[in-house]
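Grab a coffee and open the viewer. Here are a few exercises to work through, with solutions to check yourself against.

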Amino acid sequence: MKRALFGVVVAVVLIVAIVFVRTTMVAAPPPLASSPPPISVNSMDVARHLAAAIRFKTISYGNSAHGDEKNSQLDALRAWMEQTYPAFHRAVTREIIGKSLLFTWKGKNPNAKPILLMAHMDVVPVVPGTGRDWSHDPFSGDISDGFVWGRGAIDDKGCLITLLDAAERLAQSGFTPARTIIFAFGQDEEVGGSEGNGNVAKVLAARHIHFSWVLDEGGAILNEPFPGVQQPVAFMAVAEKGYLTLQLVAHGTGGHSSRPTHDLAIARLSDAVLQVVNHPFASGIDDIQKEQFSVLAPYMPFFQRMMLANLWLTGPIISHMLEGNPETAAIMHTTIAPTMISGGVKDNVLPPQATATINFRLHQRESIESVLEHVRKSINDPSVDVRALTETQSEASKVSDLHDDNGKFIVQTIADSFNGIPVAPTVTTGATDSRHYLALADDVYRFDPFHMGPDDMSRVHGTNERLAIGDIGPAVAFYMRLMQNLK
Ligand SMILES: [Zn+2]
């Protein structure tokens, strides 16, 4: 008994010692890298451009609804770009593919792989019934209280305009990039991008173009990235989740509702949906998160640092905490979201079939094939067909490297542009147009050079979307630096 107790005490002391040593081994925050003097850009000039761009109602409704209206707005936006960015247009060649724009800015070294800078020109609609909640009309492009207001201010006209303003300034100065820069501005990112960047990517693939790296929207600078972290951190998405929608079609015996059998399509469908929801996919802290924690840990107070430095012990606790928040949970596993259900046409008629739609966002652990298998196994009923909607599906992306030459270059540019800010990897849970280029690039990164507070996320695709004027100049400077420093 005494020996057992002694053993327990030794074990506890050992664990405490390991935890303590590992925690103290986490380096104190490194001194901020000395960054070259910032390129000064007048934010207000660019803010006016962003406001003008917001006024074009380039809304993607899906199912090609209001397509003519959107196309004429895209035409008008393109004409406005031509007028507003004349030096850029003189420096590049432009191709119009569908309504999307492909610009090529020839670099000095034709043998170096080109890079691709992306943004999309379309925006999501204002949710019906929420128009009145906007403090500024969503398409007025108002500039007030230090912000540019309107749909698309962040997503993604903010990137589009700061990128164009950066290129215009460089073109005005007679700049030629060290290697070729290609710009792709999509027309339909918000509805999957198949007509826009889907087709642009096909054109480039046919020309055998292979990019060194691609930069699209995705991550951002978070002002309050984690409880206890007092300083902003740039999150760059090195991967994005896959996308899969499945339709479950349950069959049964139709007929009069006064004489039901036990072969009920709706009951069978309900059971199938529940089975899927009750069989979640594997979850846990992955390598991207581990690396993210290692970037964040030095900036944390002792207790949190101790937790993150000792995942071998605290992993299950941290996982449990992250699982408790839908936003962080979505990063840890393949999500299951039943979104539509239908069946039957009349209250006294048994339908012979009923249909449910479930949307999955795939973690890197899963493939479309493995999700299908998992779902079919969970349902385990031959009277329920499982069909994939193939037009919208995409596998989870590959994970790009933050530590190869491409990753180091972009991380350094972010640090130089934003006061030596730490850069942590993340995963985008939504899909971006960059997925069309995964096969055409060594690395694909996703980052918006803007600061986001805790309530800004809900403005994207939500109400009162806006971009701080103070963020606009630095974003232009960031893109300028990115193009200037290419080797
Ligand atoms: Zn977007």
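Below are three exercises, each with a worked solution.

This is a predicted model, where local features need pLDDT of at least 70, side-chain atom pairs count only at pLDDT 80 or more, and totals for chains, interfaces and linings use all residues. Residues are numbered from 1 along each chain as its sequence is written.

**Exercise 1.** Find the buried residues of helix α6 and say where they sit on the helix.

*Solution.* Start with residues 197-206, the span of α6. Helices here are DSSP runs (H or I, at least four residues), strands likewise (E, at least two), numbered from the N terminus. Next, pick out the buried ones (20 or more other C-beta atoms within 10 Å of a residue's own, with C-beta atoms placed from the backbone): Asn197, Val200, Ala201 and Leu204. Now look down the axis of α6: the buried residues fall within an arc of 100° (directions from the helix axis to the C-beta atoms), so they line one face. An α-helix has 3.6 residues a turn, so residues three or four places apart point the same way.

**Exercise 2.** Which strands do the buried residues of α6 pack against?

*Solution.* Look for contacts, meaning C-beta atoms, placed from the backbone, within 7 Å. You should land on β1 (93-97), β2 (100-105) and β6 (181-186). Then step just past α6, where His208 takes a positive phi of about 60°.

**Exercise 3.** How many residues of domain 1 are in contact with domain 2?

*Solution.* First get the bounds, which come from an automatic or database domain assignment: domain 1 is 43-233 + 398-484, and domain 2 is 242-282 + 334-396. Then count: six residues of domain 1 touch six of domain 2. Finally, check the centres, taken over C-alpha atoms: 36 Å separate them.

Conventions
Buried ≥ 20, exposed ≤ 12 C-beta atoms within 10 Å, placed from the backbone. Contact = placed C-beta atoms within 7 Å.
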